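Let's take a walk through a protein together. Have the sequence and the 3D view ready, and stop at each place as we get there.

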Amino acid sequence: MTSEDREAPSRDNEATPPSRRSIRSFVIRGGRQTAAQERAMAELWPRYGVEFNAQPVDLDQLFGRQAPRMLEIGFGAGEALLAFAQAHPELDCIGVEVHKPGVGHLLLGAETAGLTNLRVICHDAVEVLQQQLAPASIQLIHIFFPDPWHKKRHHKRRLIQPELVELLARVLAVGGKLRLATDWEHYALQMREVIDASTSFTNDAADTGFVTRNEERPLTRFERRGHRLGHGVWDLSYTRIVTPSQ
Ligand SMILES: C[S@@+](CC[C@H](N)C(=O)[O-])C[C@H]1O[C@@H](n2cnc3c(N)ncnc32)[C@H](O)[C@@H]1O
C-alpha cells in the first residue's frame, strides 16, 4: 500500500459538514482483515484495546502500575512497536493506528509475545493527542514513516505540521524524546524545519539536523519497500525542553 493509493478524499471527510471538516493525515483503507486478525480484534481487543474517549485516560490505572510511557503514532503492522515493547518491559507502550488490519496484526504479535506493557488505540492520533492523553504523561514518542503524501496539493495532509508538533509537546514530559524517521527527503526537510521552529523542542543532532539510524528501529515492511525503490532514510531525534511560557 503506498500513499499514492490513498490520494482520494476519505468518506469520513466527505460526510463531515464543511464547517467541521478537518484535513486528516489518513484515508481509511478498505484492506481486508485476515481471519486471524478478525479473531484477534474479537478476542484480544478486550485485553489490549482502549476505546477512544474524549476524556484523559488514567494510565496508571490502565497499566496497573506507574512506569515511564512511550507512544507510537501510525504503527502500521506494528513491527517496531512490538519489538520495542518486548525489549523494554520497564516501559508501558501505547500504539495509535487507524488501520484495523494493522491493529489486528499487532494484537496477534502481542499475544504470542505475552506482552503486558502494551495497549492500543484505534483512532485518529490527532484527537488522541488533543483529548485522551494528559499533559506531560508520555516520556517517548515514535513516529516512523508517516504517510509522505508526495503530491504538492496533498502536503497539507502530512501529519507533521506546526499544530501537531505543539500537541506532541503538550503530552511529552520535559526531558522526553521525540523520534521520527522517513524515506522521503522532502518530508524529512519539512519535519526538520517545522520541529526546529518549535520552542518546545531541541534537535539532538549536532550538525545536519539528522541523527544516525536508531538501532532499536527494526526494518519494517514499509522501510524495506523504500530500500527496494532506492530511497534514502532520514532519522530525527528531539528533546522536549521547557518552553519560555512554561
Ligand atoms: C506509511 S505507514 C507506516 C507504518 C509504520 N510506521 C511503518 O514504519 O511501517 C503510516 C501509517 O500511519 C497511519 N496513520 C496516518 N495518519 C494517522 C493518524 N492521524 N492517526 C493514526 N494513524 C495514522 C496509517 O494508517 C499508516 O498505517
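We'll start with strands, move on to salt bridges and the ligand, and finish with a few single residues.

First, some ground rules. This is a predicted model, where local features need pLDDT of at least 70 and side-chain atom pairs count only at pLDDT 80 or more, while totals for chains, interfaces and linings use all residues. Residues are numbered from 1 along each chain as its sequence is written, and side-chain values use heavy atoms, with hydrogens and water left out.

Let's begin with strand β2, residues 92–96. Helices (H or I, at least four residues) and strands (E, at least two) are DSSP runs, numbered from the N terminus. Is β2 mostly covered or mostly open? It is mostly covered, with five of its five residues buried. Here, buried means under 20% relative accessible area, exposed means over 50%, and partly exposed is in between (1.4 Å probe, protein chains only). On one side of β2 you'll find Asp92, Ile94 and Val96, and on the other Cys93 and Gly95, all of them buried. The partner to look for is β1, which pairs with β2 in the parallel sense over five bridges. Two strands pair if DSSP finds at least two bridges between them. To spot one such bridge, look for Ile73 and its partner in β2, Val96.

Now stay with these two strands and look at charges. Arg69 and Asp92 form a salt bridge, and their closest N and O atoms are 3.1 Å apart. A salt bridge is a side-chain nitrogen of Lys or Arg within 4 Å of a carboxyl oxygen of Asp or Glu. This pair links distant parts of the chain, since Arg69 sits in β1 and Asp92 in β2, 23 residues apart. Both Arg69 and Asp92 are buried. They also have company: Asp60, Arg65, Arg69 and Asp92 are linked in a network of salt bridges.

How many salt bridges does a search of the whole structure find? The count is eleven. Another one joins the side chains of Arg213 and Glu223, at 3.1 Å from N to O. Arg213 lies in the loop between β6 (201–203) and α10 (221–228), and Glu223 is in helix α10, so this pair ties together parts that are ten residues apart in sequence. The two ends are not covered alike: Arg213 counts as partly exposed because its relative accessibility is 31%, while Glu223 is buried, with a relative accessible area of 1%.

One more salt bridge takes us to strand β7. The side chains of Asp235 and Arg217 meet at 2.8 Å, N to O. Asp235 is in β7 (residues 234–240) and Arg217 in the loop between β6 and α10, 18 residues apart. Both Asp235 and Arg217 are buried. As for β7 itself, six of its seven residues are buried. Six bridges join β7 to strand β5 (residues 172–182), and the two run antiparallel; Lys177 has Thr239 in β7 as its bridge partner. Three bridges also join β7 to β6, again antiparallel, and there Phe201 stands opposite Arg240.

Next, find the ligand. Which of the 17 residues around the ligand come nearest? They are Ser25, Gly74, Glu97, Asp124 and Phe144. (A residue is near a molecule or strand if one of its heavy atoms lies within 4 Å of it.) Zoom in on Glu97, where a polar side-chain atom lies 2.5 Å from an oxygen atom of the ligand. For Phe144, a polar backbone atom is 2.7 Å from a nitrogen atom of the ligand. Ala125 offers a backbone N or O atom, 2.9 Å from a nitrogen atom of the ligand.

Finally, here are some residues to find on your own. Ala136, in the loop between α7 (125–132) and β4, has a positive phi near 55 degrees, though it is not a glycine. Ala136 counts as partly exposed because its relative accessibility is 44%. Trp149, in the loop between β4 and α8 (162–171), also has a positive phi, near 45 degrees. With a relative accessibility of 0%, Trp149 counts as buried. Leu140 is in strand β4 (residues 138–144), and at 9% relative accessibility Leu140 is buried.

Methods: A polar contact is a pair of N or O atoms within 3.5 Å; within protein, one must be able to donate a hydrogen and the other to accept it, and residues adjacent in sequence count only if both atoms are side-chain atoms.
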